[in-house]
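Biologist: Please take a close look at one helix of this predicted model, the one with a kink. Set it in its chain before you go into detail.

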Amino acid sequence: MSVATLLEMVLAAVVLGLGVWTIAARQTYAATVGFVAYGLLVPLVWVRLDAVDVALTEAAIGGGLGGVLLLGAAAQLRATEMASAAEEPGRVVRLGAAALSVTISAALAAAILLLPDPAPTLAPAAVANASATGLANPVTNVLMAFRAMDTMLEKVVLLLAIVGVWSLASDRTWGGRPGPHHQADPHGALAFLARLLPPVGIVVGIYIFWTGADHPGGAFQGGAILAAMWLLVIMAGLTDTPPASSRRLRLLLIAGPGVFLVVGLGGLCFGLAFLAYPPTLAKPLILAVEVAMILTIAVTLGMLLAGVPERGAQQ
Amino acid sequence: MSFALDIITIAAVSAGAFFFLAGTVGLLRFPDTLTRLHALTKADNLGLGLVVLGLLPQAGSLRDGLKLVSIWLLGLLAGATVSQLIARAARRDGPA
């Protein structure tokens, strides 16, 4: 057995153990910490599977922003956790949930185990047609050209998510600024980090976005880094969250799906089909869509984490 | 030449792994927040630093080497800031 195989087995065991721990942990906070650790180890699994694009996304979303979101939720639940812990669900509910989970796990396992060997794949076709767009990264090709419809709908889902979060606001604070106004010592460690890190993070975020054309990376991973930088500055109290009623904010939120839709309709008018790029213009068009998308992703993820509007628009 | 470089790599990465191990043991065994932070910073600063130092001779180009060093610098920056913030929160909330 090679060292690499041993490493993979240990990694798989730790990931599985963390998954069980996350489910079994009694306290919300402990489960969240387990999930964040899980979200940091799963990218290593993806790297071992040579899926670096997925690893980057998983690290940024699963371990990073998702972890922050869950930590915030756990902090808000702390007050009511003791009360809700006393309400044990009934035996029927628990048995039903267990049966459902086991069925789904068994179905997923069966689907994986029953795959023909070698599994059916479109990867050779995607690689063979890479020259059609002028991009060398096959993942970006699939996301932005071959299956662009899915990516566009994914951006619409992001928009729906933010609408869902905002709709939790009360009438009084509708259109207001999300989250509390963070106040930190302007000469403290957090404010120092919030001044020092964003220039680096913005460069790294844009680099990951730009290099996505030819190497692992892309708008989602880059956008997540930009969102993290924005949130850092907000948490250090150096700037405030924009009010949800801000027109500029709303334009940024719809920029990604909007530009995508316009380009798609352009393909319908001038080309062969919805989202069909003319071969000579494929790369500039994809780049335009991606620029709009990275802005939308960064702003959407930032506003999702900032949370429900809590302060009235007048404040 | 490459044999000497490999020796440097093995020595430095092993030393780094030792500091990670020591930091983890300290994190699990030390009694309160501040001493646990003290143990953790050894893993962050020295452990990561030594691993990066050990990997530098294996870096294919100057660019890769600079990337490795900047990973260490960013780790230092994040580790130091987070330690400060946790220590401040621990002092405010009393001994935990």
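Modeller: Along the sequence, chain A runs α-α-α-α-α-α-α-β-α-α-α-α-β. That makes 11 helices and 2 strands. The model is predicted, so every statement here is about a prediction. Its scores are ipTM 0.83 and pTM 0.87.

Start with the helix you asked for, H10(A). A kink of about 50° sits at A:Ala255. The proline A:Pro257 follows shortly after the kink. A:Pro257 is itself buried. So are A:Leu253, A:Gly256, A:Val259, A:Phe260 and A:Val263 of H10(A). What lies over these buried residues? The cover includes helix H7 (148-166) and H11 of chain A.

Now follow the chain out of the helix. H10 spans 247-270, and a loop links it to helix H11 (282-306) of chain A. A:Leu275 is found in that loop. Its phi is positive, about 65°, although A:Leu275 is not a glycine. Is A:Leu275 buried or exposed? A:Leu275 counts as buried because 24 other C-beta atoms lie within 10 Å, and the cut-off is 20 or more.

A second residue makes a useful contrast. A:Asp50 also has a positive phi of about 65°, and it is not a glycine either. A:Asp50 lies in the loop between helix H2 (28-48) and helix H3 (52-86) of chain A. Its surroundings are another matter. A:Asp50 has 9 C-beta neighbours inside 10 Å, and so it counts as exposed, the limit being 12 or fewer.

One more backbone feature deserves a check. The peptide bond from A:Asp117 to A:Pro118 is cis, with omega near 0°. A:Pro118 lies in the loop between helix H4 (91-113) and helix H5 (123-128) of chain A.

Next, the wider frame. The domain assignment splits chain A into domain 1 (1-78) and domain 2 (121-311). Their C-alpha centres lie 23 Å apart. Where they meet, 11 residues of domain 1 of chain A are in contact with 13 residues of domain 2 of chain A. On the domain 1 side of chain A, the residues that touch domain 2 are 7 nonpolar, 3 polar and 1 charged.

Then the chain as a whole. The C-alpha atoms of chain A fill a box of roughly 60 × 55 × 40 Å along the principal axes. Chain A has 315 residues, and 28% of them count as buried. Take the contacts in chain A with a separation of 6 or more: 74% of them join residues 24 or more positions apart.

Last, the partner. The contact between the chains takes 5 residues from chain A and 4 residues from chain B. On the chain A side, the residues that touch chain B are 5 nonpolar, with no polar and no charged ones. How confident is the predictor in chain B? The mean pLDDT of chain B is 88, and 96% of its residues reach 70 or more. Among the elements of chain B, helix H1 (residues 2-29) has the highest mean pLDDT, 91. Helix H2 (residues 33-55) of chain B has the lowest, 88.

Back to your helix, in brief. H10(A) bends by about 50° at A:Ala255, shortly before A:Pro257. Its buried residues include A:Gly256 and A:Pro257. H7 and H11 of chain A are among what covers them.

Key
Residues are numbered from 1 along each chain as its sequence is written. Chains are lettered from A and ligands numbered from 1 in the order in which they are written. This is a predicted model: local features need pLDDT of at least 70, side-chain atom pairs count only at pLDDT 80 or more; totals for chains, interfaces and linings use all residues. Domain bounds come from an automatic or database domain assignment. Two residues are in contact if their C-beta atoms, placed from the backbone, lie within 7 Å. Ala, Val, Leu, Ile, Met, Phe, Trp, Tyr, Cys and Pro count as nonpolar, Asp, Glu, Lys and Arg as charged, and the others, Gly among them, as polar. Helices (H or I, at least four residues) and strands (E, at least two) are DSSP runs, numbered from the N terminus. pLDDT is the predictor's confidence in each residue, from 0 to 100. The bend at a residue is the angle between axes fitted to the seven residues ending there and the seven starting there.
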